[in-house]
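I opened the notebook to record what I looked up, one entry at a time.

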Amino acid sequence: MIGEIFRIVWNYIRKRRTRSLLTIIGILIGISAVVTLIALGQGLTNAVDYQFSKLGSNRITISPAGSTGMPMSKTTAQLTEKDADTVKKVSGVEFAMGLYVSSKPVSFGNEVKQIPIGGMDVNVETLKYAGQTGLYEIEKGRNFKPGDKYKIVIGSKVATDAFSRRIKVGDMLTINNTQFQVIGIQKSGGTGIMDIIIRMPKDALRELDGKTDQVSMINAIVKEGADIVKTSDRIEEALRNERNEKKGEESFTVQTTRSLINSFLSIIAVIQGLLVGIAGISLLVGAVGIMNTMYTSVLERTRDIGVMKSIGAKNHDILLIFIIEAGLLGLIGGAIGVLFGAIASTLISAVASYYLKADILRISISPFLIFGPLLFSFVIGALSGLFPAVQASKMKPVDSLRYE
Amino acid sequence: MAKPVIELRDVWKTYKMGDTNIDALRGMSLKIYEGEFVAIMGPSGSGKSTTMNMIGCLDVPTKGHIFLDSQDVSHMTESTLARIRGRKVGFIFQQFNLISAFNAKENVMLPMMFQDIPREEQSEKAEALLEMVGMLKRMAHKPSELSGGEQQRIAIARALANDPQMILADEPTGNLDSKTGNEILALIKKLNEVDGKTIVLVTHDKGLAQKYAKRIVQIKDGQII
C-alpha cells in the first residue's frame with residue numbers, strides 16, 4: 001500500500017507544480033542555511049584543531065597567574081629562571097625554557113617605535129627545541145647560534161610594516177642606545193603575535209632591562225609517550241613546592257595546548273549554535289509554509305477525498321497520503337537544500353582562503369551533515385502535514401462528496 | 001428468487017439542524033436482489049440521496065439495520081465500511097468525480113490500489129476495462145482533456161475495477177446531453193444483462209427509469225410509496 005500511496009502523492013505534487021515548488025523553496029532556504037552554517041562552523045573547528053595541532057599537542061605553557069598567557073600582559077606575580085629549572089626536572093618533561101618579554105623603543109633610521117622584544121636562550125639545546133615549540137621559522141638570513149649577543153631576529157611584520165623603510169638582513173636597529181644587527185627575518189606564522197616581535201638573546205635583553213632572573217612565561221615540551229595532563233599536574237605540584245604555595249592559591253597557571261584548543265572550540269560551538277538557531281527560524285517558516293499548503297490542498301481536494309473513500313480508501317490511507325505528501329515536499333526541499341548548502345559552504349571556504357591566503361576553513365561534508373538534514377526535513381514536513389492530514393482523514397464521505 | 005444483495009430493514013436517519021431534528025428516512029425497508037435493475041425516484045428532499053448513501057454504505061443509519069450480502073453493516077466503523085464498499089459497490093456519479101491529477105488509466109486503477117492488488121494485475125485489469133468501455137486509446141489522458149461522455153465511461157470502468165456485485169449510479173446522465181446519456185445507460189444496461197451486475201439507478205427522469213429499469217421504487221417523505 002505504501003508504494004501505491006507514493007504514486008498517488010507524486011501525481012498530486014506534479015499536478016500542483018508551482019505551489020509544490022514554492023513550498024519546497026520555503027524548506028530549501030532553511031535547510032541550506034542550516035547546512036551551510038554547520039559546515040562552516042565545522043570547518044572552522046577543524047581549522048582551529050589543525051592549527052593548534054601544528055603547534056604541537058605536547059606543549060605546556062606556564063604563565064603568571066592572572067595573565068592571559070600572552071607574553072605582554074602585566075601582572076604582579078612573577079616567574080623566574082629558577083622556576084624554569086624546576087620545570088625542566090619534572091618527570092615527563094623533555095625540555096623547558098623561560099621566555100622573557102619586554103617592550104622597548106626601537107629606532108631605525110630616524111623613526112622610533114615601541115616593539116615587544118622576546119629574550120631567549122641561544123644555547124644549543126634551546127635552539128634545537130625552539131622549532132619544536134612552534135616558535136618560529138627563518139625565512140631570510142639565519143637563526144641564532146650559540147655565542148650571539150647583540151644580534152636580533154625580527155618578525156615578518158616588523159620587517160615590512162613597523163617602519164616606513166623595509167628592514168633587511170644586515171640592517172642595524174638601535175634599542176636603548178645599543179646597536180643590534182638583524183641576522184634573520186621570520187616566516188609569517190599567520191597567528192599575528194609572532195610576526196610583530198623582535199627576538200634577541202636573553203642575556204642582551206637582561207642587560208638592557210637590568211632585571212636579574214625574571215621570565216614572562218615558561219614553555220615545556222612533554223616527552224614522547226608521556227601523559228600531558230599528568231605531566232602538567234606534576235609541574236604544578238613541583239612549582240607549588242618550590243614556591244611554597246598552597247593548592248588553590250597558586251600565583252601561576254599551567255596550561256596545555258589541549259585546554260587552549262578546548263576553550264577556543266567551545267567559543268566556536270556557542271557562536272555556531274547561535275547562528276544555526278537563527279537559520280532554524282527560517283526552517284520553521286518553511287514548515288509553516290508546508291502546513292499552509294497542505295491545509296489548502298485538503299480543502300481543494302475535499303471532493304477527491306470523498307471519491308477515494310467511496311471507492312475504498314480507509315481513513316488511514318487518506319491520512320498517509322497527506323502526511324507523506326507533506327513529508328515528501330520537505331524531503332525534496334531538504335535534498336536540494338543540502339546540495340545548495342554544500343556548494344555554498346565550499347564556495348565560501350574557497351573565497352576565504354583565496355583572500356586570506358590561509359586555510360582558515362577546512363570544510364568537510366560528513367555523511368551526518370547529508371543524511372541528518374534529509375531525515376530532519378522529511379520529519380518536519382510530515383509533522384507540518386499532520387494536522388491537515390488528520391482533518392482530511394476524518395471527513396465523512398457523504399459530506400465531502402457533496403462539497404462544491 | 002435470488003437472495004438480496006442489499007436489504008434496508010426499518011431504517012431511520014435523523015439529522016440535527018440546530019435545535020430541531022429532521023428525519024430524512026422514516027422506517028424505510030427495501031430489498032434489492034441479485035441481478036436486478038432498480039430505479040430509485042423521488043422529488044428532492046424526499047430522502048432519495050440519503051437512501052442512496054445507505055445502499056452505498058457511505059453512511060450509517062440512526063436506527064434500523066442494513067445488510068450487505070447478509071452482513072449487518074449498520075454499526076461498522078468508517079474504515080471497515082470503506083474496505084467493504086471498495087470491494088462490493090461500484091459508484092457512478094453525476095459529476096463523474098474522476099481524480100483530476102490522475103490520467104484515465106490511473107483513475108481506473110485507484111480502487112484496486114486501495115485493495116492491495118498487485119500492480120501488474122491492476123494495469124492489465126484497467127486496460128481491459130477501458131477497452132470494454134471503448135476508452136483504451138484515451139488511457140493516458142487527464143480528465144480535463146476528455147468530454148463528459150468519455151469521463152463517464154472511464155468512471156464506469158473505475159466502478160467495475162474490483163468486480164463489485166452492485167453498481168450504484170447517482171444521476172449518471174444528469175450532466176450529459178440526451179444522446180450521450182442514452183449511450184451511457186445502454187452501457188449500464190449491458191452490465192446488468194450481460195454481466196449480471198445488480199444496478200441501482202437514482203434518477204428524477206421518469207422516462208429513463210421506465211426505459212431501462214426493471215423495477216421502480218418511489219420515495220416520498222423518507223418512505224417508499
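Confidence came first. The model is predicted, and I noted that chain B averages a pLDDT of 92. In chain B, 100% of the residues score at least 70. For the complex, I copied down the predictor's ipTM of 0.92 and its pTM of 0.72.

Next I looked up the sheet. In chain B I found an open sheet of six strands, with mixed pairing. I wrote its order as β6-β7-β8-β3-β9-β10. Which strands are the edge strands? They are β6 (89–92) and β10 (223–224) of chain B, and each of them pairs on one side only.

I then followed the edge at β10(B). Strand β9 of chain B, residues 215–220, is joined to β10(B) by two bridges. β9(B) and β10(B) run antiparallel. I checked what faces Q223(B) in β10(B) and found K220(B) opposite.

The last entry is on two helices of chain B. I looked up α3, residues 104–113, and α4, residues 119–132, and they pack at an angle of about 125°. Their axes lie 9 Å apart. The angle falls in none of the roughly parallel, antiparallel or perpendicular ranges, so I entered α3(B) and α4(B) as oblique to each other. Their crossing is right-handed.

Which residues meet there? From α3(B) I listed A104(B), K105(B), V108(B), M109(B), M112(B) and M113(B). From α4(B) I listed Q122(B), S123(B), K125(B), A126(B), E127(B), L129(B) and L130(B). Sorted by class, the contact of α3(B) with α4(B) has eight nonpolar, two polar and three charged residues.

Technical notes:
Residues numbered from 1 in each chain as written. Chains lettered and ligands numbered in written order. Predicted model: local features only at pLDDT ≥ 70, side-chain atom pairs only at ≥ 80, totals over all residues. pLDDT = per-residue confidence, 0-100. Pairing = 2+ DSSP bridges. Helix = DSSP H or I, 4+ residues; strand = E, 2+ residues; numbered from the N terminus. Axes fitted to C-alpha atoms, helices over the stretch in contact; angles between N-to-C directions. Parallel < 35°, antiparallel > 145°, perpendicular 65-115°, else oblique. Left-handed = near helix turned anticlockwise from the far one by under 90°. Contact = placed C-beta atoms within 7 Å. Nonpolar A, V, L, I, M, F, W, Y, C, P; charged D, E, K, R; others polar.
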